[in-house]
Amino acid sequence: DAVAAELKAAQAEGSVRAGDPDQLAAMCLLITQSTIQSAQIVEPILDADALGLELARCLNGYLKP
């Protein structure tokens, strides 16, 4: 998986926390997929720009070493 390979490389340089890259990639997929599928529901609260920022915060926090 390309995402897992990128996460493994980022782990090697220290910018992503330790963990199984395949599992980390799967969780990133689930977080992102859920966000995209729910975008219309939360649009009155989070417009597209805000949703993107919050998604980035979620993923960055999840992957932070």
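## Cysteines and disulfides

The number of disulfides in this chain is zero, as judged on a predicted model. A disulfide is a covalent bond between the sulfur atoms of two cysteines, and the cut-off applied here is a pair of cysteine sulfur atoms within 2.5 Å. For Cys 28, the closest cysteine sulfur is that of Cys 58, at 11 Å, which is too far for a bond. Cys 58 is accordingly in no disulfide, its nearest cysteine sulfur being that of Cys 28.

The surroundings of each residue can also be described. Cys 28 counts as buried, because its relative accessibility is 11% and the threshold for burial is under 20%. Cys 58, with a relative accessible area of 45%, is partly exposed.

## Helix α1

Helix α1 spans residues 2-12, and its buried residues are Ala 4, Leu 7, Ala 10 and Gln 11. These residues lie on the same side of α1, because the arc they cover around the axis is only 120°. Among the elements that cover them are α2 (21-42) and α3 (48-63). On the face turned away from this buried side, α1 carries the exposed residues Ala 2, Glu 6 and Ala 12.

The two ends of the helix have features of their own. At the N-terminal end, Asp 1 acts as a cap, with a side-chain oxygen 3.4 Å from the backbone nitrogen of Val 3. After α1 comes Gly 14, which has a positive phi, near 90°.

## The nonpolar core

The largest nonpolar core has 10 residues in all: Ala 4, Leu 7, Ala 10, Val 16, Leu 24, Ala 25, Cys 28, Leu 55, Leu 59 and Leu 63. Helices α1, α2 and α3 are the elements that each give two or more residues to this core. Three of the buried residues of α1, namely Ala 4, Leu 7 and Ala 10, therefore belong both to the buried side of that helix and to the core.

Leu 59, one of the core residues, touches Cys 28, Ile 31 and Thr 32, when residues up to four places away in sequence are not counted. Cys 28 is thus a contact of Leu 59 as well as a member of the core.

## Thr 35 in helix α2

Thr 35 is located in helix α2. With a relative accessibility of 18%, Thr 35 counts as buried. Leaving aside residues up to four places away in sequence, Thr 35 touches Leu 51 and Leu 55. Leu 55 is in turn one of the residues of the largest nonpolar core.

How values were computed
Residues are numbered from 1 along each chain as its sequence is written. This is a predicted model: local features need pLDDT of at least 70, side-chain atom pairs count only at pLDDT 80 or more; totals for chains, interfaces and linings use all residues. Side-chain values use heavy atoms; hydrogens and water are left out. Buried means under 20% relative accessible area, exposed over 50%, partly exposed in between (1.4 Å probe, protein chains only). Helices (H or I, at least four residues) and strands (E, at least two) are DSSP runs, numbered from the N terminus. The arc is that of the directions from the helix axis to the C-beta atoms. Contact means heavy atoms within 4.5 Å. A polar contact is a pair of N or O atoms within 3.5 Å; within protein, one must be able to donate a hydrogen and the other to accept it, and residues adjacent in sequence count only if both atoms are side-chain atoms. A nonpolar core is a set of buried Ala, Val, Leu, Ile, Met, Phe, Trp, Tyr and Cys residues joined through side-chain atoms within 4.5 Å.
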